[in-house]
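Got the viewer open? Let's take a short tour together, one selection after another.

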Amino acid sequence: MKNSLLIVGLILISVISTWFLARNPATWSGVDETVVEKFAEEAGRPPMAPYINTDQGDLLLFFFLLAGIAGGAVGGYYFRELFPPISKESAKKAPQ
Amino acid sequence: MMMVHVFSFTGKGLPLLAMHISEGILPPGWAGFWFLLALPFVAWGLRDLKVLSAREPFYKPMVGLIGAAVFVISCMPIPVPSVGTCSHPCGTGLAAILLGAPITVVITSVALTLQALFLSHGGLTTLGADIFSMGIVGGFTGWGVFRLSRRVGIPALTAAFLAGMLSDWATYSTTSLELASALHGTGSFPQMFTAIFISFIPTQLPLGIFEGFLTAGVYRFIAVRRPSLLTCLGVEVQAYRSAKTVNSDKGEVAI
């Protein structure tokens, strides 16, 4: 019951937070645009396109998703190796 | 430095969603300078990685886990509602606490290279500068703050929080220095540095605090879940005893 309430609470907080963020009229630009590029353009050195320009349409979204999957898979694999699941039997044993 | 257009659909500058210094912003001389400054640290980190991996069998999985974490964390834009902008934490403070600063530089170099190649995040010409700010300054600051804090008796979680927060702030301070150095032209360097530094504050001040909490949270997880890792990594001498104390108070069994 406690876990269910926690999960529902987390989902509600996530949805409400997302709604508030989306309602905000801000552009949500990164500091690269608001700071780095601003000063670079004033100094006459605007950024150039990357040599492998994945920032086109949904292509960047695709690559970010792949990066997230790859990072998550690698992290999850090694997490399991370093922090194996605790069995109930080992939890009952005295600490060494 | 030879510029090779491997795969570029347009030739003009684009509003990129990167958080590091974007491609082409640094003049070639400065780009090369930061590369030269970063290379010895990368070599140092590779040497440490080889030595420590041979000595401790769990080092490679730990580097794999932390490396994946730094990669994901450093390309994760977090909205800062107070200013309506986004930025990313670095994760290098956490990495430096657990793995040491030199190996953090290697991890950061790999993460930044992958981001520059596939995510239009940062740039290949600005890689040296980004490695210097995030990997070297961020890593060594995090490591130094943690060690010094523990030496003067500050509790581990507070030390981890300070390390995470200050490594983040140090990274962006260095980015301000790198940009001001390269872009001030005939203008005043201190003035430009101050202007860029102040521009970062509204976003990076809260984000640095967030990174502090993130670092402390991960540290606590390891200290409670598998404290022997901290002692084996040389992070703490008494981590296992501390974890036993925490768990004993709750009536749980230490792992």
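Which pattern does chain B follow when you read along the sequence? Select chain B, colour by secondary structure, and trace the chain: the pattern is α-α-β-β-α-α-α-α-α-α-α. Keep in mind as you look around that this is a predicted model. Tallied up, chain B has 9 helices and 2 strands.

Next, keep all of chain B selected and switch on the surface. About 10700 Å² of chain B is exposed, and 71% of that comes from carbon and sulfur atoms. Of its 255 residues, 54% count as buried. Now turn to the contacts inside chain B: among those between residues at least 6 apart in sequence, 73% link residues at least 24 apart.

Now zoom in on B:Arg47 and B:Asp48. This pair forms a salt bridge, with the closest N and O atoms 3.0 Å apart. A search of the whole structure turns up just this 1 salt bridge over all chains. Look at how the two partners sit: B:Asp48 is buried, at 16% relative accessible area, whereas B:Arg47 is exposed, at 54%. In general, side chains of opposite charge can pair when their charged atoms come close.

Last stop: the cysteines. How many disulfides does a search of the whole structure find? The count is 0 over all chains. Select B:Cys75 and B:Cys90 to see why B:Cys75 is unpaired: its closest cysteine sulfur is the one in B:Cys90, 12 Å away, and that is too far for a bond. B:Cys75 is buried, at 9% relative accessibility. Finish at B:Cys232, which is partly exposed, at 41%.

Technical notes
Residues are numbered from 1 along each chain as its sequence is written. Chains are lettered from A and ligands numbered from 1 in the order in which they are written. This is a predicted model: local features need pLDDT of at least 70, side-chain atom pairs count only at pLDDT 80 or more; totals for chains, interfaces and linings use all residues. Side-chain values use heavy atoms; hydrogens and water are left out. A disulfide is a pair of cysteine sulfur atoms within 2.5 Å. Buried means under 20% relative accessible area, exposed over 50%, partly exposed in between (1.4 Å probe, protein chains only). A salt bridge is a side-chain nitrogen of Lys or Arg within 4 Å of a carboxyl oxygen of Asp or Glu. Helices (H or I, at least four residues) and strands (E, at least two) are DSSP runs, numbered from the N terminus. Contact means heavy atoms within 4.5 Å. Accessible areas come from the Shrake-Rupley method with a 1.4 Å probe; for residues, only the protein chains shown count as cover.
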